[in-house]
Amino acid sequence: MKSKGLFIVFEGVDGCGKSTQAVKLAKFLEDSTGRKVIKTAEPYNLRELILGRKDLSKMSELLLFLADRAEHVEKIIKPNLEAGNFVICERYEDSTRAYQTGGHGVDSFIVEHLINDCCFPLPDVKILLDLSPEIAFERVKARNNQNDKFEAEGLELIKKVSDYYRNFLAGFIRIFCDNLNEDEVFQRIITGLFLSAGAGYSNGRYSS
Ligand code: TYD
C-alpha cells in the first residue's frame with residue numbers, strides 16, 4: 001500500500017543551511033495544511049558512534065550509516081508516513097552516496113547495492129541546497145564543531161562531496177544558494193515544491 005504521508009528530504013554539504021530551511025518548511029507546511037509535520041535528521045541515534053570515531057574503516061562507516069538509517073526508518077520515518085504525516089528529513093540516502101562514495105571513495109557499486117538491498121522508503125521530494133564549497137567551509141569553520149570528524153576533514157571533503165552531488169546525483173529540486181539570503185532560498189523551495197507537485201511521483205520501493 002502506498003504511504004499516506006509525504007516524505008521530503010534536504011540534502012547538501014555541511015554548512016549549506018539544511019537545518020534552517022527544514023525548520024522554515026516544517027512551520028510553513030504545518031500552518032498551511034494543518035497536517036502533522038515531523039522534522040528529523042540523520043545520523044539518527046548512532047550519531048556519536050559514527051561521528052566520534054576517527055578510526056573506523058570506510059566500509060564500517062558505510063554499514064553504520066545504513067544501520068542508523070534502519071533504526072530511523074523503523075522508528076520515525078515509516079510510522080509517521082503510514083500515519084499520514086509529513087516527514088522532513090535532513091540527509092538521507094544521497095548523503096551516503098555523496099559522502100561515502102564521493103567523499104571517502106567507497107566503490108559506488110557497493111554503496112548502490114547496499115542501499116537498494118535495504119529497501120528503505122524513497123523520498124517523494126528531494127531538495128538540494130547547492131552552496132559553493134568555499135562558502136560552506138567558512139560557515140563550518142565558524143561553528144567549530146570538534147565532535148564531527150567529517151567537518152574536521154575541511155574544505156577538501158566538502159569539495160569532493162559537492163562535486164558528487166552536482167555531477168552524479170539527480171532528481172532534486174536544486175537551489176543555488178550562493179547569492180541568496182535565507183528568505184530567498186525559502187521562496188525558491190516553495191516555488192520548486194509548487195512546480196513539482198504535478199509530477200505525481202510515486203516511488204517503487206515503498207508502495208506495493
Ligand atoms: P551533521 O552534524 O548532522 O552535519 P550537517 O548538520 O551538515 O548535516 O553531521 C552529519 C555528518 O555525517 C555530515 O558531515 C555528513 C555525514 N553523513 C555521511 O557521511 N553519510 C550519511 O549517510 C549521512 C546521513 C551523513
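These legends go with four close-up views of a predicted model.

**View 1. The ligand and the residues around it.**
Let's start with the ligand, which has 16 residues around it. Which of them come nearest? Asp-14, Arg-47, Arg-91, Thr-96 and Gln-100 do. Now look at the side chains that reach oxygen atoms of the ligand. Lys-18 has a polar side-chain atom 3.4 Å from a ligand oxygen. For Arg-69, an N or O atom in the side chain is 3.2 Å from an oxygen atom of the ligand. Asp-148 also takes part, with a polar side-chain atom lying 3.2 Å from a ligand oxygen.

**View 2. A cavity in the protein.**
Here we're looking at an enclosed space. How many cavities of 30 Å³ or more are there? The count comes to one. The largest cavity holds about 40 Å³ of space. Its lining takes in Gly-12 and Val-13, then the run Leu-128, Leu-129, Asp-130 and Leu-131, and finally Ser-162, Tyr-165 and Arg-166. Try tracing the lining back to the secondary structure: strand 4 (125–130) supplies at least two of its residues, and so does helix 8 (154–168). Sorted by chemistry, the lining of the largest cavity has five nonpolar, two polar and two charged residues.

**View 3. Two cysteines without a bond.**
Cys-118 and Cys-119 have neighbouring numbers, so you might check them for a disulfide. How many disulfides turn up in the whole structure? A search finds zero. Why is Cys-118 not bonded to Cys-119? The sulfur of Cys-118 is 7.7 Å from the one in Cys-119, its closest cysteine sulfur, and that's too far for a bond. A disulfide needs the two sulfur atoms within 2.5 Å. Seen from the other side, the closest cysteine sulfur to Cys-119 is the one in Cys-118, again at 7.7 Å. As for accessibility, Cys-118 is partly exposed, with a relative accessible area of 30%. Cys-119 is partly exposed as well, at 47%.

**View 4. Asn-85 and its partner, Asn-80.**
Where does Asn-85 sit? You'll find Asn-85 in the loop between helix 3 (58–82) and strand 3 (86–90). Is Asn-85 buried or exposed? Its relative accessibility is 11%, so Asn-85 counts as buried; the cut-off for buried is under 20%. The side chain of Asn-85 also has a partner to look for: a polar contact of 2.9 Å joins it to the side chain of Asn-80.

How values were computed: Residues numbered from 1 in each chain as written. Predicted model: local features only at pLDDT ≥ 70, side-chain atom pairs only at ≥ 80, totals over all residues. Heavy atoms only, no water. Buried < 20%, exposed > 50% of the residue type's maximum accessible area, 1.4 Å probe, protein only. 1 Å grid on protein atoms, 1.4 Å probe; cavity = no way out; pocket = protein on both sides within 12 Å on 5 of 7 lines; lining within 4 Å. Points joined across faces, edges and corners; volume = space filled by probe spheres on them. Helix = DSSP H or I, 4+ residues; strand = E, 2+ residues; numbered from the N terminus. Nonpolar A, V, L, I, M, F, W, Y, C, P; charged D, E, K, R; others polar. Near = heavy atom within 4 Å. Polar contact = N/O pair within 3.5 Å; in protein donor to acceptor, adjacent residues only side chain to side chain.
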